[in-house]
Amino acid sequence: MAGLDMETKNLLIHVATMKYKLDMTQKEIADRLGYSSMQISRLIDRAKKEGIVRIEIESNPSVDDALGNELKNKYNLEDVYVFHSVDKENQFNRLVSEAASYMDLIIGQSDVVGLAGGRTETKIIPKMKLPAIKSNNKLTVVQLAGGFLDFSSSSPFSTIHEFSLKFGAKGYFLPTPFYVKNPIALNELWNGSLSEIRKVWRKCTVTVNGIGTIGEDSLFVRQKAVTCEQMNELVSKGAVGNLLGRWYDRNGNLIDCDLNREATSIPVEDFMNINRRVLVSGDQDRLLAIHAVLNKGIYNVFITIDSVAESLIDMK
């Protein structure tokens, strides 16, 4: 492997990881990277000859495979990555860096990526490199939920805009607030602009999200999308978290409340049809919310830290 230049070596490692760790077919890899299946076959053969692929691909020493397998079995997940949380001060930065690396592996040139803003997404996107994306790509990014009144960094508008510029993706914006109280106006939206963007939602292939807090510290309260009175009502009805503005209980079921009826975000049935639904969270104070969506099968990929994984395994 001494004769390999760094670019070739990285490509061989990238292809080998997609093939043997993500269990992707040669055609899937070829489609994502923009090569032919024959070229991918040759790259895999070369990776073997160069010693990059051996009897087993060496695991990241910072990944706890045992905890990951336990979570995978408990929640019937497709992929789980559990990282050791050594440095608590930089725990969140480490988590979003690993999430960005995972997104780099799975996003290809023709994917339709669904985003909705929030702290986690806004930290992941700047760290993403998307090596499979070339200048003439067919990558698409679509907003999965309405936005806040201001153009803050956590706003879905900001997130979609940044992703589109960085990767040359075609962007679909949703110029509506998270909630529309007027039932006539809401009905007109679902029969008009929301009906059109729903066609894009149904083509979505991958999404990555964090888990929002419940209570007065929620981003929805701070951005004045939800009042304190409404939040207190949600808590009294057993809400533990929200899925893109739709509030759910500890069983993952939507709460019967006006906010859920007024939401302009992707319907749950459309969200569940997205092939890779990636949840990223390492917060102990959101265990109930995490457990609820994983147990309900709302997400099929989970990226977290060891302390959260251990707590989830112990939960009934």
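Hi everyone, let me start in the sheet: strands β8 and β9 (residues 301-305) pair in the parallel sense over three bridges. Two strands count as paired if DSSP finds at least two bridges between them. Strands and helices here are DSSP runs, numbered from the N terminus: E with at least two residues for strands, H or I with at least four for helices. As one point of contact, Leu279 stands opposite Phe302 in β9.

A quick word on where this comes from: the model is predicted, so local features need pLDDT of at least 70 and side-chain atom pairs count only at pLDDT 80 or more, while totals for chains, interfaces and linings use all residues. Residues are numbered from 1 along each chain as its sequence is written, and side-chain values use heavy atoms, with hydrogens and water left out.

Back to β8, then. On another side of the pairing, four bridges join β8 to strand β5 (residues 206-209), and these two run parallel. Here Thr207 stands opposite Arg277 in β8.

How many residues of β8 are buried? Five of its five, across residues 276-280, so to speak the whole strand. Buried means under 20% relative accessible area, exposed means over 50%, and partly exposed is in between, using a 1.4 Å probe and protein chains only. Both faces of β8 are covered: Arg276, Val278 and Val280 are buried on one side, and Arg277 and Leu279 on the other.

β8 also belongs to a right-handed β-α-β unit, together with helix α14 (residues 287-295) and β9. Right-handed means that, with the strands pointing away from the viewer, the path from the first strand over the helix to the second runs clockwise.

Next, a helix. Helix α5 covers residues 91-106, and its 16 residues should span 22 Å at 1.5 Å a residue; the end C-alpha atoms are 23 Å apart, which agrees. The expected span is 1.5 Å times one less than the number of residues. Among the buried residues of α5 are Leu95, Val96, Tyr102 and Met103, and also the acidic Glu98 and Asp104.

Now for the charges. The structure holds 17 salt bridges, where a salt bridge is a side-chain nitrogen of Lys or Arg within 4 Å of a carboxyl oxygen of Asp or Glu. Let me pick out a few.

Lys27 forms one with Asp31, with the closest N and O atoms 3.0 Å apart. These two are separated by about one helical turn, because they are four residues apart in helix α2 (residues 26-33). Lys27 counts as exposed at 53% relative accessibility, while Asp31 is partly exposed at 43%.

Lys199 does something similar with Glu196: the closest N and O atoms are 3.3 Å apart. Why are Lys199 and Glu196 separated by about one helical turn? Because they are three residues apart in helix α9 (residues 193-201). Lys199 is partly exposed at 47% relative accessibility, and Glu196 is partly exposed at 47%. The general point is that an α-helix has 3.6 residues a turn, so residues three or four places apart point the same way.

Then there is the salt bridge between Asp285 and Arg286, at 3.6 Å from N to O. Is Arg286 buried or exposed? Arg286 is buried, with a relative accessible area of 17%, whereas Asp285 counts as exposed at 63%. This pair sits in a network of salt bridges that links Arg119, Asp283, Asp285 and Arg286.

Arg119 turns up again over a ring: Arg119 lies over the face of Phe92, at 3.9 Å from the ring centre. For a charge to sit over a ring, NZ of Lys or CZ of Arg must be within 6 Å of the ring centre and within 35 degrees of the ring normal. Lys134 does this too, lying over the face of Tyr35 at 4.7 Å from the ring centre.

Last topic: ring against ring. Rings of Phe, Tyr and Trp (its six-membered ring) pair if their centres lie within 6.5 Å; planes under 30 degrees apart count as stacked, over 60 as edge-to-face and the rest as tilted. That rule gives eight aromatic pairs. One of them is Phe220 with Trp247, edge-to-face at 5.4 Å centre to centre and 70 degrees between the planes. This pair links distant parts of the chain, with Phe220 in helix α10 (residues 219-222) and Trp247 in strand β7 (residues 246-249), 27 residues apart. Phe220 is buried at 7% relative accessible area, and Trp247 is buried at 0%.

Phe271 and Tyr299 form another edge-to-face pair, 5.5 Å centre to centre and with 80 degrees between the planes. Phe271 lies in helix α13 (residues 268-271) and Tyr299 in the loop between α14 and β9, so the pair ties together parts that are 28 residues apart in sequence. Phe271 counts as buried at 0% relative accessibility, and Tyr299 is buried with a relative accessible area of 3%.

To finish, ring pairs link Phe178, Tyr179, Phe220 and Trp247 into a cluster. Thanks for listening!
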